[in-house]
Amino acid sequence: MTHTDLKTTPLCAACEAAGGKMVDFHGWLLPVQFKGILAEHKAVREAAGMFDVSHMGQFFVEGKDAWPFLQYINCNNIKNTPGVGTYSHILTEKGTIIDDAISFCLTPEKFLVVVNAACIDGDFAWFTKQAKNFNVTVRNESADWAMIALQGPKAVETADKVVAGASDLPRFHIKEIELFGARGYMTRTGYTGEDGVEIMLPNNKIVELWAALLAHGVTPCGLGARDVLRLEAGYLLNGADADQTRTPYEANCGWVVKLAKENFVGKEALAAQKAQGLKEKLTAFVLKSAGVPRAGCKIFVGAEEKGTLTSGTYSPLFKGIAVGYAALDVTAGTEVEIEIHGKRVKADTVKTPFYKNRV
């Protein structure tokens, strides 16, 4: 596939001008790195870095049944207090994960749902199908919005210099903003383990935001650093650590499942799985010697194969780190071996997150 076959964000040219090395990411042309993964990782952990996340999706759910509808298609309890967001999983009837998404309440009858880029079409089809029994309208406005994620210990104070009220916005909240003569949204979540904000603006205004943040010394960061940061922080990568073959319980996210809710898609299947018990669970590992674990590497205890990695990388803080689905007897403190390029490397089983969240 050539670059001309890929979808681009409104920040594509700005990323290239900043030295971004562009790659194919699920059909999108996005920067994998700028100055380098280690430098970008350091910027986010110690100062402030920004990511072009304009490829992510925005659905607006509106109508009398907006909240009951979102309650039905999410396994978590969606908060219906204006300004508040909720992280949750959207499931199949079998209880497996279609996507993980954040639903922000704008009003009791209007929500903004931010979904993963690779899931936009599938999610929208699923939302539309499930909405038929509700008095609700679902609009996919993903193509109209661009977004920058600003992350790091100095991210919020930097954001304050560009858009008023960033430091006043509580975690997992949203507010409507006016910036560069346009209406937009600012949220305070993150995918790195650091504090920060996400700013959504119409496509034709996002380059002005990028330029303003560059002028304040923010480091552009790519997909490479983002993957290391999110794995250190213990966050799922949709399509790798979570997909339609795994449930939230197996993905070590049982906290998002609220079986006490009256009803939601996948409830019966999850209730049955909880009663029967799991066979495998997403488990974390740190190598005890040199090596870079990758998805697909096998996990062994002695001669017995115990599972397979779904994500792995080199971390500047912890060296070789990984997560994968392993048998339940592989618990924190268990020594395992990870097979990398035909050689087995010893690793310790640990609890996530690897990096203790500061926020």
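User: What makes two strands a pair here?
Analyst: Two strands pair if DSSP finds at least two bridges between them. Strands (E, at least two residues) and helices (H or I, at least four) are DSSP runs, numbered from the N terminus. This is a predicted model, in which local features need pLDDT of at least 70, side-chain atom pairs count only at pLDDT 80 or more, and totals for chains, interfaces and linings use all residues. Residues are numbered from 1 along each chain as its sequence is written, and side-chain values use heavy atoms, without hydrogens and water.

User: How do you know that β4 and β14 pair?
Analyst: Strand β4 (residues 49-52) shares 3 bridges with β14, in the parallel sense. The definition asks for at least two, so β4 and β14 count as a pair. Within this pairing, Met-50 stands opposite Pro-220 of β14.

User: What makes β14 an edge strand?
Analyst: The open sheet has 6 strands, in the order β11-β12-β13-β10-β4-β14, with mixed pairing. β14 (219-221) pairs on one side only, as does β11 (174-179).

User: Why is Ala-43 called buried?
Analyst: Its relative accessible area is 10%. Buried means under 20%, exposed over 50%, partly exposed in between (1.4 Å probe, protein chains only). Therefore Ala-43 is buried. Ala-43 lies in helix α2 (residues 37-46).

User: Which residues does Ala-43 contact, beyond its neighbours within four places in sequence?
Analyst: Ala-48, Gly-49 and Thr-219. Contact means heavy atoms within 4.5 Å. The C-alpha atoms of Ala-43 and Pro-220 are 9.1 Å apart, though 177 residues separate them along the chain.
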